[in-house]
Amino acid sequence: QPRVDNYEELVNGLFANGKVVTVIDNKLWVPWFSSSSKCELSDLKSGASCNSSSAIDFEHNCMVTDEFSQVGILVAMGKNQQRMDQFYNTLKAIKSSFGSIPAWRIYRNGNLIEPCKQWINGNCDTASDATARIIIALHTASKNQFFTDQTQKNAYLELANQLSADMLTYEIYQNCRPSTLGYGDICYWLAA
């Protein structure tokens, strides 16, 4: 089969597992596991990493934008625009307190998504590397030849542009600091 179909088969595998990626109310959820090669109940992050003060299970767990953004890139290059819409819907639901940038760690409480829950991500922090991957995913999806809903493709691009502006405003320290290696000043530090 052609390479594009091989690719789609791999992406479909992520969704077929039922644990790696799930859909909640037309939003994608990527549970946070202790390892990229483990996806059993006992592998879900808990304790200090996901301190929900209740049991962690497949209905109550944490997601971080690190892994979520990677799934977004894969979906953005696939053929299934519904999945991209679900990724987009999730982004709109997990905003931090920094413009449109999604919160870094998010809690799933059944069918509710809580982006800035106390003891999970109470300061509503973000992750600049994940933000960058999310921007890449949205830009890629806005140009995907297999996605036919142009209105949605325009929405992806609009959100990518907004996230780019917010990233510059909130996630880049626009000042200079001396290098400890003797190379003079280094400017424009990522907040992370």
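1. Leaving aside its neighbours within four places in sequence, which residues is Glu8 in contact with? In this predicted model, the partners of Glu8 outside that window are Gly78, Lys79, Asn80 and Arg83. Glu8 itself has its place in helix 1, which covers residues 3-16.

2. The charge of Glu8 deserves a careful look, since this residue is buried and yet has no salt bridge. The nearest side chain of opposite charge belongs to Arg83, at a distance of 4.1 Å, whereas a salt bridge is counted here within 4 Å. Arg83 is nevertheless among the residues in contact with Glu8, and Arg83 also takes part in the contact that helix 3 makes with helix 2.

3. Helix 1 does supply a salt bridge through another acidic residue: the side chains of Asp5 and Lys79 meet at 2.5 Å, N to O. Because Asp5 lies in helix 1 and Lys79 in the loop between helix 2 and helix 3, the pair ties together parts that are 74 residues apart in sequence. Both partners count as partly exposed, Asp5 with a relative accessible area of 26% and Lys79 at 30% relative accessibility. Lys79 is also one of the residues in contact with Glu8.

4. Helix 2 comprises the twelve residues 65-76, and at 1.5 Å a residue these should span 16 Å; the end C-alpha atoms are 15 Å apart, which agrees. Its buried residues are Thr65, Asp66, Phe68, Ser69, Val71, Gly72, Val75 and Ala76. Those buried residues pack against helix 1, helix 3 (81-93) and helix 4 (128-142), as well as against strand 2 (27-29), strand 3 (60-64) and strand 4 (105-109).

5. The packing of helix 2 with helix 3 can be described further: the two helices pack at an angle of about 145°, with their axes 9 Å apart, and the crossing is left-handed. On the side of helix 2 the contact is made by Phe68, Ser69, Gly72, Val75 and Ala76, and on the side of helix 3 by Arg83, Met84, Phe87, Thr90 and Leu91. Phe68, Ser69, Gly72, Val75 and Ala76 also appear in the list of buried residues of helix 2.

6. A search of the whole structure finds seven salt bridges. Among them is the pair of Arg133 and Asp129, whose closest N and O atoms are 3.7 Å apart. Being four residues apart in helix 4, Arg133 and Asp129 are separated by about one helical turn, and Asp129 counts as partly exposed at 37% relative accessibility. Salt bridges that share partners join Asp66, Asp129 and Arg133 into one network; Asp66 is one of the buried residues of helix 2.

7. Another salt bridge is formed by Asp25 with Lys27, the closest N and O atoms being 3.5 Å apart. Here the two partners differ in accessibility, for Asp25 counts as exposed at 59%, while Lys27 is buried, with a relative accessible area of 17%.

8. A separate point concerns Arg177, which is found in strand 6, residues 172-178, and is partly exposed, with a relative accessible area of 37%. Leaving aside neighbours within four places in sequence, Arg177 is in contact with Gly184, Asp185, Ile186 and Trp189. Arg177 and Tyr188, which are eleven residues apart in sequence, are 9.0 Å apart in space, C-alpha to C-alpha.

Methods. Residues numbered from 1 in each chain as written. Predicted model: local features only at pLDDT ≥ 70, side-chain atom pairs only at ≥ 80, totals over all residues. Heavy atoms only, no water. Buried < 20%, exposed > 50% of the residue type's maximum accessible area, 1.4 Å probe, protein only. Lys, Arg positive; Asp, Glu negative; His and termini not counted. Contact = heavy atoms within 4.5 Å. Expected span 1.5 Å × (residues − 1). Axes fitted to C-alpha atoms, helices over the stretch in contact; angles between N-to-C directions. Left-handed = near helix turned anticlockwise from the far one by under 90°.
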